[in-house]
Amino acid sequence: MNAPTTRRLTVAQALVEFLAHQYTERDGRRHRLINACWGIFGHGNVAGIGQALLESGDALPYLQGRNEQAMVHAAVGYARQRDRLGAQAVTTSIGPGATNLVTGAALATVNRLPVLLLPGDVFATRPADPVLQQLEVPFAGDVSVNDALRPVSRYFDRVTRPEALIPAALQAMRVLADPVDTGAVTLALPQDVQAEAYDWPAEFFADRVWRVPRPAPDADALAEAVRVLRGARRPLVVAGGGVHHSEAEDALCAFADATGIPVASTQAGKGALRHDHPADVGGIGHTGTATADALAREADVVLGVGTRYTDFTTASSTLFAAPGVRFVNLNIASFDAHKLGALSLVADARAGLEALTEELSGARVDAEYEAAYREAKAGWERRVDAAYGAADPSARPSQTQVLGALDAVVDDTDVIINAAGSLPGDLHKLWRSRSRRQYHLEYGYSCMGYEIPAAIGVRLAAPDRPVWALVGDGTYLMNPTELVTAVQEGIHINVVLVQNHGYASIGGLSGATGGERFGTDYRFRAADGTYTGAPLPVDLAANAASLGMQVLRAATVGELRAALAEARGANRPTCVYVETETADTVPGAPEAQAWWDVPVAETATRPAAVAAREAYDRQAAGRRRHL
């Protein structure tokens, strides 16, 4: 008997089954492309995608979230931990459920991490117009709130007919699996179309493998890059997130071992070398180490590997200061490879590093240069020790001492997650990364509220690894609700909740730019509009406990060390709550080592703003365009 050539399913049922049969493959290893679907149901997806997920059983597991933006963050955390070879879907109702996806979609696309968004949409057939939550646009009948997702999606389509799902779904998978074009992918699904039945070709549901290539560098471009690197006296590598996405850490290590070229890292690239590798000089740029930034200022050749060269990395175009500095950019994306007037080497990071190592055989940096940066690295490590501090166990810890206590607890298997506030700067400068996926900083979009849901996604991707979400009080208040998801699903994440009574990072920036920390403290407002010194009587630890977390309160350095150790050994979602000194007074705690361009008012009456503008003009004078 011949197999049936068609299957009659609704659009939602067909999409769910299609997703269950999609795979990526790289280096001969196959991975499930869409591993689960997060969802919050309402009108627009409850009777379509919701019914299809229920009917599918384990074919496409369902994960229940509490906030649409947070569901995207969880999916992004999952995808990053899986080196972009696996992803998750997110479904929402129409209206606010759909628009709540926009921030998460922007984060995914900015960071080039795959996530599939399946928002419900208004009726395609328009039996009633408008329906609940419909945006009416007088000049365009085919616009809905989902169109807000267009600029933050790498691919967008609205499936208004059943048969249109076939090309749309295939294009969606192509983009999700593409190492250059990946990001948020949106398939807007009108609620009536989701429920409509259609006779689908059986081939639509066959296993489909999307191969992720490792393109090699062009021979002529490689030869030119080798010539430039051989002629360098003070070369420097800048390792970006592409090193991790390509699983190129071993290739980078082999390159550094062979050439002796020092390796600095962006926020996304940190951990590309272990912290104790002789060539690892730490983070680079505004939040970087003094060692890496000093090398960058004097470098004559910079080899960027998988980096986008954001303003934090380049210190707003003031960092790479040598008059004749040249850039060689190894990047799988041509768009990034050509930045800073570079000699572009368009290739997979691992393939490109392996080719460079082979072609540079016998070439090594001058011994004096190598000895100098290693000495500077050792000096910086002493500053890290001072910042972590051998504090009185009965004292209240500073934020850097919180990191020191955590550093003493973790091993190679732990994952540290952060995104916003003052912690990213401290982590980039101070954290000692022990493994390739330990350091998980979302600093492309630096989105407050990312940490807790991302920790859930990472734990789902790596269930055997201890996962820590480092969260300041400002970030916690933005988005704590996925703690309930962790409790409900028994997903053991650890949350380190740091209470410093305000927006520490933006408060510092406000002070430096003449804003006098206006609007950045969590304090009582007096009758004259000023803020008093009394902190608000807010108990965030009690809030976390009310959401089902096991909460360990730590008032001192000694209690913090014990609480972190207990949390790591726990078998349920746990929060360590610690109130820190509002000012980091630990000797040796490092300030920013390079500039960041935040424009200051050209005219002002308050002295703080006038002085800040004078300082701004001095720093801005060092900007340059690398052509």
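This report describes selected strands, cysteines and surface residues of the structure above, which is a predicted model.

**Strand β6 and its neighbours**

Strand β6 spans residues 87–92, and 6 of its 6 residues are buried, so the strand is largely enclosed by the rest of the structure. In a regular strand, the side chains alternate between the two faces of the sheet. In β6, Ala87, Ala89 and Thr91 point one way, while Gln88, Val90 and Thr92 point the other way; all of them are buried.

Strand β6 has parallel partners. Strand β4 (residues 34–39) runs parallel to β6 and is joined to it by 4 bridges. Strand β7 (residues 115–121) is likewise parallel to β6, again with 4 bridges. Alanine 89 of β6 takes part in both pairings: cysteine 37 stands opposite alanine 89, and alanine 89 stands opposite leucine 116 in β7.

**Valine 495 and its contacts**

Valine 495 belongs to strand β21, which covers residues 494–499. Its relative accessibility is 1%, and it therefore counts as buried. Which residues is valine 495 in contact with, leaving aside its neighbours within four places in sequence? They are Ile452, Ala469, Val471, Leu483, Met549, Thr574, Cys575 and Val576. One of these, cysteine 575, lies 80 residues from valine 495 along the chain, yet the C-alpha atoms of the two residues are separated by 4.6 Å.

**Cysteines**

The structure holds 0 disulfides. Why does cysteine 447 form no such bond? The closest cysteine sulfur, in cysteine 575, is 20 Å from the sulfur of cysteine 447, which is too far for a bond because a disulfide requires the two sulfur atoms to be within 2.5 Å. Cysteine 447 is buried, at 8% relative accessibility. Cysteine 253, by contrast, is partly exposed, with a relative accessible area of 26%.

**A nonpolar patch at the surface**

Phe41, Val46 and Tyr62 make a nonpolar surface patch of about 250 Å². Tyrosine 62 lies in strand β5, which consists of residues 62–64. With a relative accessibility of 33%, tyrosine 62 counts as partly exposed.

**Accessibility of individual residues**

The table collects the values given above.

| Residue | Relative accessibility | Class |
|---|---|---|
| Valine 495 | 1% | buried |
| Cysteine 447 | 8% | buried |
| Cysteine 253 | 26% | partly exposed |
| Tyrosine 62 | 33% | partly exposed |

The classes follow from fixed limits: a residue is buried under 20% relative accessible area, exposed over 50%, and partly exposed in between. Cysteine 447, at 8%, is therefore classed as buried, and tyrosine 62, at 33%, as partly exposed.

Definitions and conventions
Residues numbered from 1 in each chain as written. Predicted model: local features only at pLDDT ≥ 70, side-chain atom pairs only at ≥ 80, totals over all residues. Heavy atoms only, no water. Patch = residues over 30% accessible without salt bridge, like charges linked within 9 Å, V, L, I, M, F, W, Y side chains within 5 Å. Areas by Shrake-Rupley, 256 points an atom, 1.4 Å probe, with all protein chains shown as cover. Salt bridge = Lys/Arg side-chain N within 4 Å of Asp/Glu carboxyl O. Helix = DSSP H or I, 4+ residues; strand = E, 2+ residues; numbered from the N terminus. Buried < 20%, exposed > 50% of the residue type's maximum accessible area, 1.4 Å probe, protein only. Contact = heavy atoms within 4.5 Å. Pairing = 2+ DSSP bridges.
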